[in-house]
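Hello,

Here is the structure I promised to pass on. Please have a look at it first, and then read my notes below.

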Amino acid sequence: MKRLVISLFVFAFIIAPGWSEVVSGVFKTNPSEETGGYLHIKFGACPDDKEMSCGTIKTAIKKDGSKNAEYEHLGKLMVWNMKDAGQGKFKGGKIWDPSENNEDGSKKIYNSKMSLNGNTLKVDGCILFFCKGQDWEQVD
C-alpha cells in the first residue's frame, strides 16, 4: 500500500502540467510627471494564453482624483504575455507606455519583466539591458 501511495504521488508530479501563476487584481500606476494623473490596470490571464498575465487599462484618474471617462486608451492592453518565472517573478512580456509614441506616431513598446511582492507589483520596461521601472500598488 505504501508503494502505491508513493507511486501515485510521484506519477502525479511527473505527468501533471506545470501550473503557472497569473497576476490578478487592479494596480495603481505612479502619477504622470506631466499631468499628475494615474491609471488603474486590471491584471488577469491573457485572452490568448490563460497561463500568461496581461494588464488592461481599466480606469484613468485625473490629478484632482476624479475619473477621466474620456481617456482614449480605456480598455487597451498595457502589459501582455508575462510568463511566470517562479517566486513572484514574471518575464518575457511587453509593456506599452501610452504617454509616449515613436517619431512616426506608432506605439512605444518595451520588453518587460515584473515581480510581485505582497501588494506591490514592480514593473520594468527594458531596452537591451537598460530598464526603467515603477512600483504599482494593488488597489483591488
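**Disulfides and core**

The link of Cys126 and Cys131 is right-handed, with 105° about the S-S bond. Please keep in mind as you read that this is a predicted model.

The sulfur atoms of Cys126 and Cys131 lie 2.1 Å apart. The two ends of this disulfide fall into separate classes of burial: Cys126 has a relative accessible area of 9%, so it is buried, because the cut-off for that class is under 20%. Cys131 comes out at 38%, between 20% and 50%, and therefore counts as partly exposed.

The count of disulfides comes to two. The other one joins Cys46 to Cys54, with 2.0 Å between the sulfur atoms. This link is right-handed as well, at 100° about the S-S bond. Here both Cys46 and Cys54 are buried. With the bonded cysteines numbered in sequence order, the pairing reads 1-2, 3-4.

Now to the interior. The largest nonpolar core holds 22 residues, and Phe43, Val79, Met114, Leu121 and Trp136 have the most contacts inside it. Two or more residues each come from strand 2 (38-45), strand 3 (52-61), strand 4 (77-86), strand 5 (89-101), strand 6 (107-117) and strand 7 (120-127).

Which residues does Phe43 contact, leaving aside its neighbours within four places in sequence? Among them are Val79, Met114, Leu121 and Trp136, along with Val23, Ser24, Gly25 and Phe27. Phe43 also touches Cys54, the cysteine that forms a disulfide with Cys46.

Enjoy looking through it!

Best wishes

Terms used
Residues are numbered from 1 along each chain as its sequence is written. This is a predicted model: local features need pLDDT of at least 70, side-chain atom pairs count only at pLDDT 80 or more; totals for chains, interfaces and linings use all residues. Side-chain values use heavy atoms; hydrogens and water are left out. A disulfide is a pair of cysteine sulfur atoms within 2.5 Å. Buried means under 20% relative accessible area, exposed over 50%, partly exposed in between (1.4 Å probe, protein chains only). A nonpolar core is a set of buried Ala, Val, Leu, Ile, Met, Phe, Trp, Tyr and Cys residues joined through side-chain atoms within 4.5 Å. Helices (H or I, at least four residues) and strands (E, at least two) are DSSP runs, numbered from the N terminus. Contact means heavy atoms within 4.5 Å.
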